[in-house]
Amino acid sequence: LALAEALRERGAACEFVCGELPGHRMEVIRRRGFPVRLGDGAELLGTPQTSQHLPPEGSSADWLVVDHYGLDARWERQQRSVAGRIMVIDDLADRPHDCELLLDQTLGRAPADYAGLVPGGCALLCGPEFALLRPEFAELRPRSLASRADGGLARILVSMGGIDKDNATGRVLEALGACGLPTDVAVTAVMGSSAPELAQVRAHATRLPFAVEVAVDVDDMAARMAASDFAIGAAGSTSWERCCMGLPSALVVLADNQAKVCRELVAADAAFALGAPGDIESTLPRIIATITHEPELLCRVSAAAAAICDGRGAQRVADTLLADGRDEESRGD
C-alpha cells in the first residue's frame, strides 16, 4: 500500500488483487482510494482461475508486484501474458523467482543471497533503505529523533501485529507488571480488532499498576512511535518503522522469517532480543532493569536504529519502477 501510494503520487494507476483470508486489509486499501479485486486463497495460489482476477489480455499491466510467500517462479511465469514486467517482494531467499526486479528490505541481505534464484538480468534492491514505509514516518522522523536526548522510559509502546495469535501482547503486559515500573509510566498496546485475545488483554490492562491504553486498528502509528520512549514489538516489517523513528525496541520473534531481522538488529546494537513469546517473562525484566540503570543506553540504541532506515524506501522503489518504464520507452520498446 505504501508503494502504491508513492506510485500514485508519480502519476501511476494501481490496483490490488487480494485473497479474502483472515486478517485481510481490503477495506483499508479501498479507503485509501485503490480498487481491489477479490479472489479466494486457492485461486491466488496458482489455480487456472487466477488469471480471471488479473488484467485480461489486451489490457495488461506494466508491472505486476507480487508479495506472497506461497508464490514462486512457476506462478510468476503464468502471469507473463497479463503483465509486462514483474516485481517480487521477498525476505526469505529460499525459492526461485521469474522477475525483472526483486525487493528484499532485510538488514544484512545481499544480492548474492539470490544467486541462482532469479534471472541473470534481474535487478535487486536489498536492505532497509528500500523498506516500504508510509510517508508519515519520514515526515515525523526529525521530531521523533529530536525527542530522544534524555533516554527516558516514561512511555512504552507494545505492538505485535494485527492478529497476535500467540498473545505476545498479553505476555508483555504480564512481564511489565512484574518489572516494578513507576506508576506514572504510560503503556500503549496496539492490537487489531481480529486479535483472538483482545478482550483478555483489555481486562488484564485494568489490573496493572500503571496506565495502559489498548488501541485497536490504529492509523497513526508513526505519531505513536514518535511519542514513545521504548517499543516492544514483533521483529517483522514494523522493525523498519521503529528504526526510521529512532525508537529503541525489544524484539519478539513470532515467525521463522523474523529471526534474521532480530539477529541483524541486535548485532547492529539497534535493538534488544526478547526471544520467542515463551521467553518474554524471563527476558523482558532483565532488559527493563538494564535500561533503568543505564538510561544513556536508550540513546545509543536509538542512534544505531536511526542509521539503518530513513523512511524513504517506498519513494526509491517507486522511482526505480517508473525509471525502468521510461528507459523502455526511450529504447523504443
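A disulfide here is a pair of cysteine sulfur atoms within 2.5 Å. This is a predicted model, where local features need pLDDT of at least 70, side-chain atom pairs count only at pLDDT 80 or more, and totals for chains, interfaces and linings use all residues. Residues are numbered from 1 along each chain as its sequence is written, and side-chain values use heavy atoms, with hydrogens and water left out.

**View 1. Cysteines C299 and C309, without a disulfide.** By that cut-off, the disulfide count is zero. For C299, the nearest cysteine sulfur belongs to C243, 16 Å away. C309 has the sulfur of C244 at 5.3 Å as its nearest, and it's in no disulfide either. C309 is buried at 2% relative accessible area, while C299 is partly exposed at 25% (buried is under 20%, exposed over 50%, partly exposed in between; 1.4 Å probe, protein chains only).

**View 2. Helices α7 and α12 packed together.** Helix α7 covers residues 168-177 and α12 residues 280-293 (helices are DSSP runs of H or I, at least four residues, numbered from the N terminus). Their axes, 9 Å apart, make an angle of about 50° (lines fitted to C-alpha atoms over the stretch in contact, with angles from 0 to 180 degrees between N-to-C directions). That makes the pair oblique, meaning not under 35, over 145 or 65 to 115 degrees.

**View 3. Who touches whom between α7 and α12.** On the α7 side, A168, R171, V172, A175 and L176 make the contact (heavy atoms within 4.5 Å). I280, E281, L284 and I288 do the job from α12.

Note on methods: Helix = DSSP H or I, 4+ residues; strand = E, 2+ residues; numbered from the N terminus.
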